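Got your viewer open? Load the model below, and let's take a walk around it, one selection at a time.

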Amino acid sequence: MAVFTVREKKDDRQSGLLIKRVLLGVILIALVMLPRLLNLDIFIGPDEMAELGRDNNFTLALTRGDLAGTLVGDGKPSVTLMWINTVGVTGKWLWLRLSGDPRPFEQVVDPERPFSVWPERRMFLALVSGLQILAAWPLLRRIWHEQIATIAVGLMALEPFLLAFTRIIRGDALLAGFMILSLLGALAFLKTGQRGYNFFSGAMAGLALLTKLSGGAIVITIALLYGIALLNQQKACSPTSSPEQIRKEDGLNSSFRRHHLPLARGSAFFIWAFAAAIIFFGLWPAWWFRPVETFDLLWNKGLFHAVEAGQGGAELYFWGAVRPSGPGLWFYPVLAGLRLTPWLLLGSFIAVGRWLWSTFRWRAGPDLTLLGVLIYIGVYWLVITLPDQKLDRFFTPIVPALAILTSVEIANVIQWLSERTNHRSKQVPITFHISRLTYPAILLIGLALTWHVSRYHPLYSTYFNPLSGPPQFWEWALPIGHGEGVNTALLYLSSQGDMAAKTLVCGTNLPRCEPFFSGKLLSQENLRSGAWFKADYVLWHADEEQMDVFPAEVLAYLRRRPAVYVARYHGLDYTWLYAVPRPAFLASDARLEGVARLYGYDAAGQDFAGLKPGDTVNLRVYWQNEGQAQQQQFWWRVVDGSGYVWSEAAARPLPEFEAAASQIGAVVEGAVTLILPADMPPGSYTLRAGFARAKEEVGQFSLPAAGSKLVVSGVPVGSSQPGQVLDHPLAPGLRLHGYDLSGDKVVPGETIWLTLYWQAVSSIQRDYALTLRLLDSTGQPVQEWHDLQPVSTTYPTSAWPANSSVRGPQPMSLASELAPGQYRFELSLGDVVTSPTLAADKAEVGVINVVSRKTVFDAPPMQFPAKAVFGVIATLLGYDLAGDLSPDGVRVTVTLYWQAQRSTPQPYQVNLRLVDSSSNTTLAEQTAEPAQGSAPTTAWQAGEIITDRHELVTASSQPASVNLEIRFLADTLQPALLADGQPFFVVPEVQQKVSWRTQ
């Protein structure tokens with residue numbers, strides 16, 4: 001009966017132990033797998049889509065039997081990822097066929113929409129990463145005991161840093177799993193002497209090398225570990241060793257016996273290396289068919305990038321600044337302090353301290369289990385620290401080793417508590433207290449860790465050690481994020497309406513945006529080219545801001561506006577989405593190099609085709625400072641077809657932009673108020689914009705046609721005060737109220753404006769034509785202009801209502817041969833039909849003084865320097881280019897800046913040709929004396945600067961590539977040669993240099 005009772009109790013204990021083990025297994029599987037497999041449709045991580053493409057290419061090559069085609073990738077080599085993808089998609093294909101879906105295998109591997117399988121492929125890797133952690137449990141149990149194994153697996157399962165990288169298509173988490181399994185296999189071999197563990201360790205090392213070449217750190221680790229163990233065994237086997245020495249050499253690992261002959265002979269490492277080589281070469285078919293190319297791939301793209309440390313890719317944000325040469329030696333210590341959990345840091349620190357204390361203070365033999373873990377950490381840390389390039393994911397393989405160290409210390413604490421409890425209850429065996437306390441403690445620890453980590457699901461990459469400081473410090477110290485919030489921002493945007501017709505600037509996140517945005521995507525280059533202002537939205541991530549990928553001035557401008565969406569996690573903003581202002585008129589390539597870029601403008605819905613005299617045009621203008629000087633004025637003008645300025649005003653930054661407006665790169669919003677004169681005649685006008693310094697034009701912008709056409713209709717509603725009042729009757733019902741002259745001192749060849757102010761006293765029954773004469777001091781006409789319109793053809797005198805006033809500007813181009821002296825203008829009116837001059841209707845309207853050309857020796861600012869010497873006569877210092885686009889053709893204005901080398905009695909002319917570079921045909925040509933004859937070479941003085949303007953007109957179809965040829969011709973039409981013997985100077989690709997204006 002007693003025997004039966006004992007057996008019954010034994011069976012009960014075994015049954016309870018089995019239930020406990022099953023329950024423990026279920027809990028561990030849930031802890032490991034659930035956080036890895038749930039909600040994998042999160043943001044797209046770094047290079048995930050490129051990695052997925054390589055995986056698919058490998059699978060398809062295997063399917064076609066093209067084993068040589070399995071040489072894909074960039075030297076990492078990522079072969080384990082490719083095999084996992086192959087096994088996964090094969091299983092899916094078989095399942096689909098069993099389910100009645102005969103989809104072709106190629107379509108399962110590489111569907112038309114690759115983003116549709118992206119969470120699924122993540123699941124394959126997450127599942128394998130979880131199995132790696134679970135596979136560590138029996139090894140840890142074999143090396144230590146069940147409590148340490150359970151705690152270590154729990155810590156690995158719930159460490160956010162490791163967890164984050166097991167959920168994306170990257171090889172770093174797989175590498176961590178294979179390396180720690182290789183280490184544990186080697187430690188189990190040293191502990192038990194069973195050769196199967198040694199072979200297993202080598203196989204895992206081969207898989208680590210197939211994942212990334214930085215896995216080679218495990219080779220160094222195992223070589224050092226086996227070497228130390230071998231030396232330890234040899235000392236222990238020495239005939240002169242005393243029992244005390246043997247005890248010290250064996251230390252805490254009394255199970256490392258001297259009878260492990262394979263280790264003593266040194267053959268264990270060669271067997272280990274053989275197993276690693278079998279896996280490394282056997283599972284990569286490219287080695288079988290293309291060994292030279294495979295070796296070249298690993299050598300040139302892989303070996304020197306074992307931890308992806310290229311010379312041009314070391315730049316990284318760290319400690320408040322971008323480090324072009326890499327973040328330095330402190331990157332990984334800071335990363336560990338900020339990104340790992342407090343218990344992992346504390347436990348690892350205590351474990352290292354305890355090992356050092358027991359080894360050096362008590363002079364005990366080395367504990368090879370902990371020593372192996374420490375060697376592993378040290379070797380791999382060195383491998384990732386020596387190269388310049390450093391990334392947070394490179395740190396992943398260290399995390400499982402830290403979890404093991406921490407689990408040892410937690411187990412020690414539980415042991416200590418059990419012993420303390422045993423001292424208070426002498427009657428109860430210590431094993432009972434250990435068993436009773438261990439599993440509840442582990443359960444409580446697991447619940448606490450699960451609660452803490454679950455708050456970061458599914459974005460475990462947003463975890464920062466809560467004891468390491470405030471979020472602002474984390475953002476200042478380390479690179480932030482890998483794309484978190486991009487998908488949620490775009491999903492929110494899509495919920496606001498159909499995005500197919502919208503445009504989004506997505507910067508370096510372009511691949512991450514594609515699956516979530518149906519419209520047009522623009523890359524980061526558009527932020528510097530100015531094209532971003534044509535988009536509807538701009539999205540950027542925290543890491544892009546840290547790395548200065550986006551111009552800071554553009555971000556500062558957008559942040560003045562309310563954000564459409566901000567992805568904020570645990571105190572940090574990761575992703576921002578802003579709407580770009582949509583002015584009514586977007587400027588296309590409107591830029592003055594070194595001055596400013598015009599993005600666009602609007603008029604608050606004002607109809608440009610429905611303006612009336614006296615109206616006010618209020619513009620809101622968007623531009624970017626690209627170097628504009630403070631003395632440069634951003635002007636806006638309303639001009640007529642002849643170029644007369646009817647209204648002009650400067651753009652002023654809005655109050656909130658005044659401080660930033662002077663900073664180069666700043667995006668500015670400003671206001672412009674253009675008041676149309678009350679005596680402005682009806683007709684079509686053009687809006688123009690540009691920069692000027694003092695009275696000198698810097699350049700004009702090309703404005704969109706729809707936003708530069710103004711139509712004024714209706715009757716002028718008032719009068720303006722002329723500079724010179726006449727109040728002179730010229731015809732029945734018509735009086736000349738006064739006039740303005742744009743200047744009283746002019747040089748021959750110059751154009752001046754004579755502006756006439758008319759008053760219709762009563763209704764005018766016929767249309768008048770205007771005749772202007774330039775009279776010399778003797779009253780003789782020296783130049784005449786006939787059949788001019790008093791105002792315009794669209795507003796003849798017969799349309800002028802009674803008691804109305806109107807202004808009529810007249811451009812007067814003076815002859816280049818005018819002699820210096822005083823001249824006066826005389827005007828008269830005639831009938832448009834019969835053209836008789838009304839003898840009594842003449843009036844003198846101004847006096848001008850024609851003076852000799854002013855000699856200038858200081859070079860003015862110019863757009864493009866040249867320094868082209870034509871013979872011994874002239875040097876072309878530089879030139880300006882401007883152009884007008886209209887339905888009638890293309891007009892290019894060329895301003896040349898000559899410097900005279902010496903005076904010459906021989907006259908020279910300037911010949912300009914626009915040439916189609918593809919066909920070498922002449923599109924336009926002009927030959928004239930410098931400054932249209934007002935500055936003949938016979939009057940040049942040595943060293944003086946001559947400003948020489950020309951206009952070339954071509955057909956409306958503008959060629960894609962146009963060159964400008966500049967010749968300096970003698971009166972014999974022989975060109976003055978350049979220093980290199982060429983007969984002309986070439987300005988290539990004129991169409992790209994011209995500041996175009998739309999007429």
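Start with the whole protein chain: its accessible surface comes to about 43,800 Å², and 58% of that belongs to carbon and sulfur atoms (areas come from the Shrake-Rupley method with a 1.4 Å probe, and for residues only the protein chains shown count as cover). Before you go on: this is a predicted model, where local features need pLDDT of at least 70 and side-chain atom pairs count only at pLDDT 80 or more, while totals for chains, interfaces and linings use all residues. Residues are numbered from 1 along each chain as its sequence is written, and side-chain values use heavy atoms, leaving out hydrogens and water.

Now colour by secondary structure. You've got 28 helices and 36 strands (DSSP runs numbered from the N terminus: helices are H or I with at least four residues, strands E with at least two).

Next, select helix H8 (residues 172-192) and helix H18 (residues 368-385). Their axes come within 10 Å and cross at roughly 145° (axes are lines fitted to C-alpha atoms, for helices over the stretch in contact, with angles from 0 to 180 degrees between N-to-C directions). Show side chains to see who touches whom: H8 brings residues including Leu175, Met179 and Leu183, and H18 offers Gly372, Val373 and Tyr376, among others (contact means heavy atoms within 4.5 Å).

Last stop: Ile27, which is found in helix H1. Is Ile27 buried, exposed or partly exposed? Ile27 counts as partly exposed because its relative accessible area is 35% (buried is under 20%, exposed over 50%, partly exposed in between, with a 1.4 Å probe and protein chains only).
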